Structures are given as structure tokens and as C-alpha cells.
Amino acid sequence: MVGRHKEVKIHFLPGHVQVLEDDITIPTQRALITGATGLLGRAVCKEFRDHNWHVLGCGYSRARPRFEQLNLLDAEAIRETVQDFKPHVIVHCAAERRIDVAEKQPDVASDLNVAASGNLAKEADQVGAFLIYISSDYVFDGTSPPYLEEDMPNPLNIYARTKLEGEKAVLQNSEGAAVLRVPALYGEVERLTENPLTLLFNCVQHTHEYAFLDHVQVKFPTHAKDVATVCLQISQRKLEDPSVKGIFHWSNNEQMTKYEIACTMADVFNLPHNHLRPITDAPVGPILRPLNPRLDCSKLEHLGIGQRTPFRIGIKESLWPFLLDKRWRQTVFH
């Protein structure tokens, strides 16, 4: 929803004064985005702004100067920000999503993924804001895909457990809130190391070294801008229908292992991939991950909500600025 506003401009010309009136559009719907400095947060901010919402993007360590600095571990700071801005929608993208960090520092992961999410939900409820909590396909153990929203979660690691506990904290503190579970995301990164999937492009381009990549665990790489579109669509539907709430799933439907993701990257840029080698043994290590956490997305599809960018198209858009072959990079889209 937007408002119309007449802007009066006065032009002083020799001999007379000319008064002009211009109609400009002033957004009246407000969206607060946490984790706005991250891959998904940036995409969500852009999607809402592009559709004439007034957006307050919040971050912490990398917030300034583009975004508002907000410490989500400070309950009073959350309260002041929400009360001052009075958003209609809050999209909670911020999280400790580094699985190895969560395993080593479970209290840190719990503070951000659970306690902060619960506090944010309380404040959203106070001002009547619709909260969308971004969760993960990792809440499932990956043994019986595809997973419906009502299926029993069984998280295998600390990260997944804190995301599931965060879901519960949000829904307990804001009855009208929504949980959106998504899989591995990729998109327009500021650096390759920002995202585990785009990071694979380093080993794709360094063809003089063998890269041994998992060819067992299944992923469903999903473009961040698609998830941002889904967040906007759910928000717009919520404004029309207050019954929209609870748990939802969204995912791309292309099934790929890490090895297949890397080979696809090589293929779309016409790069060699003989140095990429599949590992077909069962994954080993101290941190368990689901082998196939495929999400059933029919609930949102039945609402007419959703967008899917083919992986070949999305990954090409995301990675071409990082091509080492500058000549190819200059001509790739011309």
C-alpha cells in the first residue's frame, strides 16, 4: 500500500513566479529486515524497496553506513527499534548459520537463533507486526524426503536444533507469525567466501589442483532473490488475509550434490572440470548433516506464492563478476 503526496515546487523566473505540483509516491507500508548485511537480507531489502515499501534494514558488525545498527542480543535495543519504526512486517534473516561455529559455541548460537528471535517476536506482537522467521531444511534428518510442514523434525546438529528452537520461540511469542524454511541459498555475493556454494567457484577456476567434492549429500540450491520474493508475497497476502500464519516451505526443485554444483558452474562458464573429483563414500566427521532434506512446497504453491530461478541462470548471474578470465568476463553478457 502506498500513499499519494503532492510536492510543490516554486520556480523563480525573471518577471514572474511559476508554481508546479508533482505527484510523488510515498510508501505507507513499513518493513524491518534483520540481517540486512547478509546475502538473503540484502535481497529482501531490495525486493521490498522495489515494491514501494519503506524499509529499515538492520545489521550489526557491518551495518554502517548502509544499514541501521542493531544488536539483537540487546532486548531493550530490539524494543526501541520496533517501537520507533512500528513495522507492518518484520523479516528475520539474521542468524548464526555457520554450522561449525554453532557446534563449538552452542550458547552463542542459541542466544542469536533462539533468545533473540523470541524477543523479536514479542515486540512484533506488541505493535501488531507480521514476523517472518527464516528457518532451515536442516531441522529434518533427511531420511524420509520430501518433507511437509507438519512432518516431525529431527535436527542432527546444534545449528539445526537452535533453528528449530527458534521456530518454537517465535510461534509461542507471536501467534500470527510465520516460519519460512529454506535450503542452501546462493545469490549475488560481495565476495565468494560469503557463501558456501559460491565458494566452490574457487576450486572450479583453479584447474591446476584436484578438488575432491562430496557426491552423496543432496542439496537444493535456491536463489536468495526467489526467497525474497516469497517473503514479499507472503507479506502481501497476510495484509489481505490475517489467517496466513504458521510454517511454510520454499525451495528450488533441482537436486544436486556439491560435486554436481561445481560441475554445473564449470559448464555454464565453459571451463574445464576434469580436476573436479566426486567423493561417493558416506560423509564422515563430527558434525552430522541430513543426506536429503528435500522440502515439499505445495502449501505455498496452492496459495499461488513462489518463484524459482533455474540454477544455471542464477549461478551465472551471481558468479560472472568473479571470473578470473577477464576477457571472458567482459563479454559474458554482451
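User: What covers the buried residues of α6?

Analyst: In this predicted model, the cover over the buried residues of α6 includes β9 (185–186), β10 (211–214), α8 (258–268), β13 (276–279) and α10 (311–319). Cover here rests on contact, that is, heavy atoms within 4.5 Å.

User: What makes α6 largely enclosed by the rest of the structure?

Analyst: Helix α6 is described in this way because 7 of its 10 residues are buried. The buried residues are L197, T198, L200, F201, C203, V204 and Q205.

User: Why is Q205 called buried?

Analyst: The cut-off for buried is under 20% relative accessible area. Q205 has a relative accessible area of 14%, so Q205 is buried. The residue is found in helix α6, which spans residues 196–205. Apart from neighbours within four places in sequence, Q205 is in contact with L271, F322, L323 and L324.

User: How do you know that A94 is buried?

Analyst: The relative accessible area of A94 is 12%, and buried means under 20%, so A94 meets the definition. A94 lies in the loop between β6 and α3 (99–104). Leaving out residues up to four places away in sequence, A94 touches T34, G35 and L72.

User: How far apart are A94 and I33 in sequence and in space?

Analyst: In sequence A94 and I33 are 61 residues apart, while their C-alpha atoms are 8.5 Å apart in space. For the protein chain as a whole, 75% of the contacts between residues at least 6 apart in sequence join residues at least 24 apart.

User: What is the order of the open sheet of 7 strands, and which pairing does it have?

Analyst: The order is β5-β4-β3-β6-β7-β8-β12, and the pairing is parallel. Its edge strands are β5 (68–69) and β12 (246–249).

User: What makes β5 and β12 edge strands?

Analyst: Each of β5 and β12 pairs on one side only. Pairing requires at least two bridges between two strands.

User: How do you know that β3 and β4 pair?

Analyst: Strand β3 (residues 30–34) is joined to strand β4 (residues 54–59) by 5 bridges. The definition asks for at least two, so β3 and β4 count as paired. These two strands run parallel, and T34 stands opposite C58 in β4.

User: Which strands does helix α1 touch where it packs on the sheet?

Analyst: Helix α1 (residues 39–50) touches β3, β4, β6 (89–92) and β7 (130–136), and its direction makes about 170 degrees with that of β4. Angles run from 0 to 180 degrees between N-to-C directions, so the N-to-C directions of α1 and β4 are close to opposite. Helix α7 (residues 224–240) also packs on the sheet, where it touches β6, β7 and β8 (178–182). The direction of α7 makes about 145 degrees with that of β7.

User: Which elements give two or more residues to the lining of the second largest pocket?

Analyst: They are α1 and α7. Helix α1 gives the most, with 8 residues. The lining has 15 residues, and R42, A43, K46, E188 and K225 lie nearest the centre of the pocket. The second largest pocket holds about 320 Å³ of space.

User: What is worth noting about the phi of N52?

Analyst: Most residues other than glycine have a negative phi. The phi of N52 is near 65 degrees, a positive value in a residue that is not glycine. N52 lies in the loop between α1 and β4.

User: Why is N52 called partly exposed?

Analyst: Partly exposed covers the range between the limits for buried, under 20%, and exposed, over 50%. N52 has a relative accessible area of 41%, so N52 falls in that range. K86 is also partly exposed, at 43%. K86, in the loop between α2 (75–85) and β6, has a positive phi of about 45 degrees and is not a glycine.

User: How do you know that the peptide bond from P145 to P146 is cis?

Analyst: Its omega is near -5 degrees. Most peptide bonds are trans. P146 has its place in the loop between β7 and α5 (158–173).

User: How many residues does the protein chain have, and what percentage of them count as buried?

Analyst: The chain has 334 residues, of which 49% count as buried. There are 11 helices and 13 strands. The accessible surface comes to about 16,600 Å², with 51% of it belonging to carbon and sulfur atoms.

Methods
Residues are numbered from 1 along each chain as its sequence is written. This is a predicted model: local features need pLDDT of at least 70, side-chain atom pairs count only at pLDDT 80 or more; totals for chains, interfaces and linings use all residues. Side-chain values use heavy atoms; hydrogens and water are left out. Helices (H or I, at least four residues) and strands (E, at least two) are DSSP runs, numbered from the N terminus. Buried means under 20% relative accessible area, exposed over 50%, partly exposed in between (1.4 Å probe, protein chains only). Accessible areas come from the Shrake-Rupley method with a 1.4 Å probe; for residues, only the protein chains shown count as cover. On a 1 Å grid over the protein atoms alone, a cavity is a set of points where a 1.4 Å probe fits but cannot get out, and a pocket is an open set with protein on both sides within 12 Å along at least five of seven lines; lining residues have an atom within 4 Å of a point. Grid points are joined across faces, edges and corners, and a volume is the space filled by probe spheres set on the points.
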